[in-house]
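Reader: I have a chain open and want to go through it with you. Can we start with the terms and then look at the details?

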Amino acid sequence: MRRPLTAVLGARHWHVPLYVSAWADTHDVVLVQDGEPDQITDMARRLDASVYGDIEAALDAGPLDLAYVFGPHDRMVDTCLSLVERGIPFVVEKPGGLGAEDVERIRDAAASAGVAATVPFVQRGGPVDHALSLAGAPTYQRASFVAGPPERYHAAGCSWMLVPARSGGGCLVNLAPHFVDLFLQRSRARRVELVTANLSASLHREAVEDHATLVLAGDDGSEAIIEVGYAFPSSPAKRYCSYTSAGDGGYVDVGTSGDVSFTRASDGVTVSNSIDVDSDPLYDVFVRQVADTWADGFPGLPTLADLADTMSLIWAAYRRSPIASLEVSHG
């Protein structure tokens, strides 16, 4: 299969280093772009790619088969719409904008133009998702994912993540979409709504929240509790995470260490094993899936409709429990 001629837009995003090895193996990255182009020259050399500072100039330099959209969230809509106008399939990082209307514009424009797109909801189909699926469709599910402190975004060259008008928010918009998506994908509910949300910036006193808790409810009586945060210390351990799910099949418990305990509903027997709960390697897996499916429109991968469904609940949480310092109106 031919390797796609690829553009990486917003290449200083902190996730990009997790993609580079798989790109080198499976894509022909012909250009990388960032608003600070002098900061991405090493990456460009590794990928044998040209460097651009302006997005439109980069896209005009084509031809391109594929683009990855990273960078500040306030620029995502314009970038994605430019790709749609040019007929270039794309991968867009969540959240896809600063509100539900942004994501819906991208979804609708891509659908109308017949431009394929996908989203790196990398937890989907990964070890945690597989472990939770042992319980069956979730009746009660809980996910806790607490990452390191917000100053890591300064170190990564992504200080815009701590500016609400550019990022749209903090840990909720950044971390929670993965786990909202997992619940939506496995749930039997026809409709899922936000019950309550609580956001706090008390630990680090930044302009964005460093802890958030959501409660979601399905019209089938199911419930999900999702906790995310920037409350873990700066450490080689990187993060705390744990997950549980209860369903017709039984009860699953996944710990930070990767220990999995599944108690079957049929006979009460508990079986145990261990998985890798580190989410970083899942980006490599996703890139290889994109390489295998881009020519056919990314079959089987997350869609812009999935992103819109997920983000509508996230933006609803910001409206329900605003932090006074967040200077963004979520559509």
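Author: Helices here are DSSP runs of H or I with at least four residues, numbered from the N terminus. One residue placed that way is A58, which lies in helix 3. Keep in mind that this is a predicted model.

Reader: Is A58 buried or exposed?

Author: A58 is buried, with a relative accessible area of 0%.

Reader: What does A58 touch, apart from residues up to four places away in sequence?

Author: A58 touches L9, L31, Q33 and Y52. As for T6, its C-alpha is 11 Å from that of A58, and the two residues are 52 apart in sequence.

Reader: Ok, zoom out. How many helices and strands are in the chain?

Author: The chain has 11 helices and 14 strands. Its radius of gyration is 20 Å, close to the 20 Å that the globule rule gives for 331 residues, so the chain is as compact as a globular protein of that length.

Reader: What does the C-alpha trace span along its principal axes?

Author: About 60 × 50 × 40 Å.

Reader: And what percentage of the residues is buried?

Author: Buried residues are 56% of the 331 in the chain. The chain exposes about 13400 Å², and carbon and sulfur atoms supply 48% of that area.

Reader: How many positive and negative side chains are there?

Author: There are 25 positive and 43 negative side chains. The centres of the two sets lie 2 Å apart.

Reader: Which domains is the chain divided into?

Author: Domain 1 covers 5-120 + 283-301, and domain 2 covers 127-279 + 313-320. Their C-alpha centres lie 25 Å apart.

Reader: How many residues of domain 1 are in contact with domain 2?

Author: 16 residues of domain 1 are in contact with 16 residues of domain 2. On contacts in the chain generally, counting those with a separation of 6 or more, 67% are between residues 24 or more positions apart.

Reader: Give me an example of a residue with partners far off in sequence.

Author: Take A317, in helix 11 (residues 304-320). A317 and A197 are 120 residues apart in sequence, with their C-alpha atoms 5.5 Å apart in space. Leaving aside neighbours within four places in sequence, A317 is in contact with L172, L194, A197, L199 and L214.

Reader: Why does A317 count as buried?

Author: Because its relative accessibility is 0%, and buried means under 20%.

Reader: What about P177, where does that sit?

Author: P177 lies in helix 9 (residues 171-186). P177 is buried as well, with a relative accessible area of 0%. Outside the four nearest places in sequence, P177 is in contact with K94, F121, L172, T310, M311 and I314. L172 was also listed for A317.

Reader: How far is P177 from I226?

Author: They are 9.8 Å apart in space, C-alpha to C-alpha, and 49 residues apart in sequence.

Reader: Switching to backbone geometry. Which peptide bond has omega near 0°?

Author: The one from G62 to P63, which is cis. P63 is in the loop between helix 3 (55-60) and strand 4 (66-69). The bond from K94 to P95 is cis too, with omega near 15°. P95 sits in the loop between strand 5 (90-92) and helix 5 (100-113).

Reader: Why flag those?

Author: Because most peptide bonds are trans, and most residues other than glycine have a negative phi. On the phi side, D48 has a positive value of about 55° although it is not a glycine. D48 is in the loop between helix 2 (41-47) and strand 3 (50-52).

Reader: Is D48 buried or exposed?

Author: D48 is exposed, at 71% relative accessibility. K238 also has a positive phi, about 70°, and is not a glycine either. K238 lies in the loop between strand 10 (223-229) and strand 11 (240-247). Its relative accessible area is 34%, so K238 is partly exposed.

Reader: Last one, T293. Which helix is that in?

Author: T293 is in helix 10 (residues 281-293). It counts as buried at 13% relative accessibility. Not counting residues up to four places away in sequence, T293 touches F298, P299 and L301.

Conventions. Residues are numbered from 1 along each chain as its sequence is written. This is a predicted model: local features need pLDDT of at least 70, side-chain atom pairs count only at pLDDT 80 or more; totals for chains, interfaces and linings use all residues. Side-chain values use heavy atoms; hydrogens and water are left out. Helices (H or I, at least four residues) and strands (E, at least two) are DSSP runs, numbered from the N terminus. The radius of gyration is taken over C-alpha atoms; the globule rule is 2.2 Å times the number of residues to the power 0.38. Buried means under 20% relative accessible area, exposed over 50%, partly exposed in between (1.4 Å probe, protein chains only). Contact means heavy atoms within 4.5 Å. Accessible areas come from the Shrake-Rupley method with a 1.4 Å probe; for residues, only the protein chains shown count as cover. Lys and Arg count as positive and Asp and Glu as negative; His and the chain ends are not counted. The place of a charge is taken as NZ of Lys, CZ of Arg, CG of Asp or CD of Glu. Domain bounds come from an automatic or database domain assignment.
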